[in-house]
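Student: Please give me a close look at one part of this model, starting with whatever surrounds the ligand. Then work outward from there, and take your time.

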Amino acid sequence: MRNIMAPKVPSVKLSNGREMPIVGLGTYARQAEPSQFRQAVEWGIEAGYRHIDTASFYGNEVQVGEGINNKIKEGLVTRDELFVTTKVWNDCHAEAAVVESLKESLARFKLDYVDLYLIHWPCSVNEKGEDAAIDYLETWKGMEQTVNLGLAKSIGVANFNEEQLDRLLKHCTIKPVANQFEVNPTLTQHKLVDHCKKLSVVPVAYTPLGLISEARPEFIGIDVIKTDEKFGELAKKYGKTRAQLALRYLIQRGIPAIPKSFTKSRIEENLNIFDFELTEEEMKLVDSFNIDHRCVPATALKNLTYYPF
Ligand SMILES: NC(=O)c1ccc[n+]([C@@H]2O[C@H](COP(=O)([O-])OP(=O)(O)OC[C@H]3O[C@@H](n4cnc5c(N)ncnc54)[C@H](OP(=O)(O)O)[C@@H]3O)[C@@H](O)[C@H]2O)c1
């Protein structure tokens, strides 16, 4: 049965003509029961999400695939209505390993293709976790093969900086359609966002709720979004929550966002952002919370060749 109450989520156009729903469901959790991943995906699809973000690194592709396939079997959605993203991990950056890694992801999902395949980080490691220093241009050749083999409809990158993106665009045959990186009201990333747009690469915001992230208590402390009075007042003006304000700010900048939640009410809440519009002044106010603070500095990758930050 189709849920006629679920909001229709607008899409953004990718440079290859395909469309990506502007809000997707994030699925990363360091600690979760396996069943929570499947349940979140099912709640998400019921609530109207048509875009699901995961990665081989998250260890949840089996459960994410179960959730997707359950909803397809129920007749709530068809495969072509969904936009599924996964990512190649840093230990599979050799050209041939990329294709193999996606085949393994697809086997775990029990799906024939993904809509978007991303290089998770520009840096690489060997099986011992040491710097493999594989040039991401080599990795990209493997990414291009996934498209030629019909395993991925589109390919892109994550956590690439401006120079890395420029260099990739100069040498690629198939263009990356997206760059996924951290953007939220305390890390507004105007320079990188504008650069991506200039190159027709869609910027996708991960950790879009930034410092309100409950799952990352070690980063809470300069918790502006969660506590600031003006931010709270602005959300209240529209009868919205702080999380909805943060997400609305991103989509008004034309940035697709992939908030993660495993709580049914929050999964629904995070999609309920299409019935209000911030003024130019209010967008500037949200911008003013920028403190260039990264929730995901990936310090464990800091000594690797091609570390982006
Ligand atoms: N490419 C990359 O390198 C990369 C890096 C990081 C993340 N990502 C992707 O981006 C997704 C989102 O990022 P994230 O998970 O780091 O952070 P996030 O989506 O900004 O925040 C998630 C946290 O916020 C809580 N939350 C969700 N909705 C809420 C609401 N309406 N009100 C209050 N709290 C709420 C969630 O709790 P509950 O679950 O308990 O509701 C969870 O603890 C990830 O899941 C992953 O798919 C990609």
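Tutor: Let's start at the ligand. There are 31 residues around it, and the ones that come nearest are Asp53, Leu209, Lys260, Ser261 and Thr263. Keep in mind that this is a predicted model, so every distance and angle below is computed from predicted coordinates.

Three polar contacts are worth finding on your screen. The side chain of Asp53 puts an N or O atom 2.7 Å from an oxygen atom of the ligand. Leu209 does its part through the backbone, where an N or O atom lies 2.8 Å from a ligand oxygen. With Arg266 we're back to a side chain, and an N or O atom there is 2.9 Å from an oxygen atom of the ligand. As for cover, the ligand taken alone would expose 910 Å², and the protein buries 92% of that.

Now follow Asp53 back into the fold. Asp53 belongs to strand 4, which spans residues 51–53. Strand 4 is part of an open sheet of 7 strands, ordered 3-4-5-6-7-8-9 and paired in parallel. The edges are strand 3 (25–26) and strand 9 (202–206), each of which pairs on one side only. Strand 4 runs parallel to strand 5 (residues 83–88), and 3 bridges join the two. If you want a landmark for that pairing, His51 stands opposite Phe83 of strand 5. Helix 4 (residues 136–148) packs on this sheet and touches strand 5, strand 6 (114–119) and strand 7 (152–158). The direction of helix 4 makes about 160° with that of strand 7.

Keep going across the sheet. Strand 5 pairs with strand 6 in the parallel sense, over 4 bridges, and Thr86 has Tyr117 of strand 6 as its bridge partner. Next along, strands 6 and 7 are parallel as well, with 5 bridges between them; there, Ile119 is matched with Val157 in strand 7. Why call these two strands enclosed? In strand 6, 6 of the 6 residues are buried, so the rest of the structure largely encloses it. The same reasoning applies to strand 7: 6 of its 7 residues are buried, so it too is largely enclosed.

Thr86 also leads you to a helix. Leaving out residues up to four places away in sequence, Ser105 touches Thr86, along with Ser56 and Glu61. Ser105 sits in helix 3 (residues 95–109), and its relative accessibility is 0%, so it counts as buried.

A charged side chain is worth a stop here too. Arg79 is in the loop between helix 2 (61–74) and strand 5. You might expect an arginine in a loop to stick out, but Arg79 has 15% relative accessibility, and since buried means under 20%, it counts as buried. A polar atom of the Arg79 side chain lies 2.9 Å from the backbone oxygen of Tyr113. Beyond its neighbours within four places in sequence, Arg79 contacts Ile72, Val84, Leu111, Tyr113, Val114 and Asp115.

Past the end of strand 6, look at Trp121, in the loop between strand 6 and helix 4. With a relative accessible area of 6%, Trp121 is buried. Setting aside residues up to four places away, its contacts include Trp89, Asn90, His93, Ala158 and Tyr206. Among the others are Val296, Ala298, Leu301, Pro308 and Phe309. The Ala298 contact links distant parts of the chain: Trp121 and Ala298 are 177 residues apart in sequence, yet their C-alpha atoms are separated by 9.8 Å.

Ala298 has an oddity of its own. It isn't a glycine, but its phi is positive, about 50°. You'll find Ala298 in the segment after helix 11 (280–287), and at 16% relative accessibility it counts as buried. Ser200 is another non-glycine with a positive phi, about 60° in this case. Ser200 belongs to the loop between helix 6 (190–198) and strand 9. Unlike Ala298, which is buried, Ser200 is partly exposed, with a relative accessible area of 40%.

Conventions
Residues are numbered from 1 along each chain as its sequence is written. This is a predicted model: local features need pLDDT of at least 70, side-chain atom pairs count only at pLDDT 80 or more; totals for chains, interfaces and linings use all residues. Side-chain values use heavy atoms; hydrogens and water are left out. Two strands pair if DSSP finds at least two bridges between them. Contact means heavy atoms within 4.5 Å. Axes are lines fitted to C-alpha atoms, for helices over the stretch in contact, and angles run from 0 to 180 degrees between N-to-C directions. Buried means under 20% relative accessible area, exposed over 50%, partly exposed in between (1.4 Å probe, protein chains only). A polar contact is a pair of N or O atoms within 3.5 Å; within protein, one must be able to donate a hydrogen and the other to accept it, and residues adjacent in sequence count only if both atoms are side-chain atoms. A residue is near a molecule or strand if one of its heavy atoms lies within 4 Å of it. Accessible areas come from the Shrake-Rupley method with a 1.4 Å probe; for residues, only the protein chains shown count as cover.
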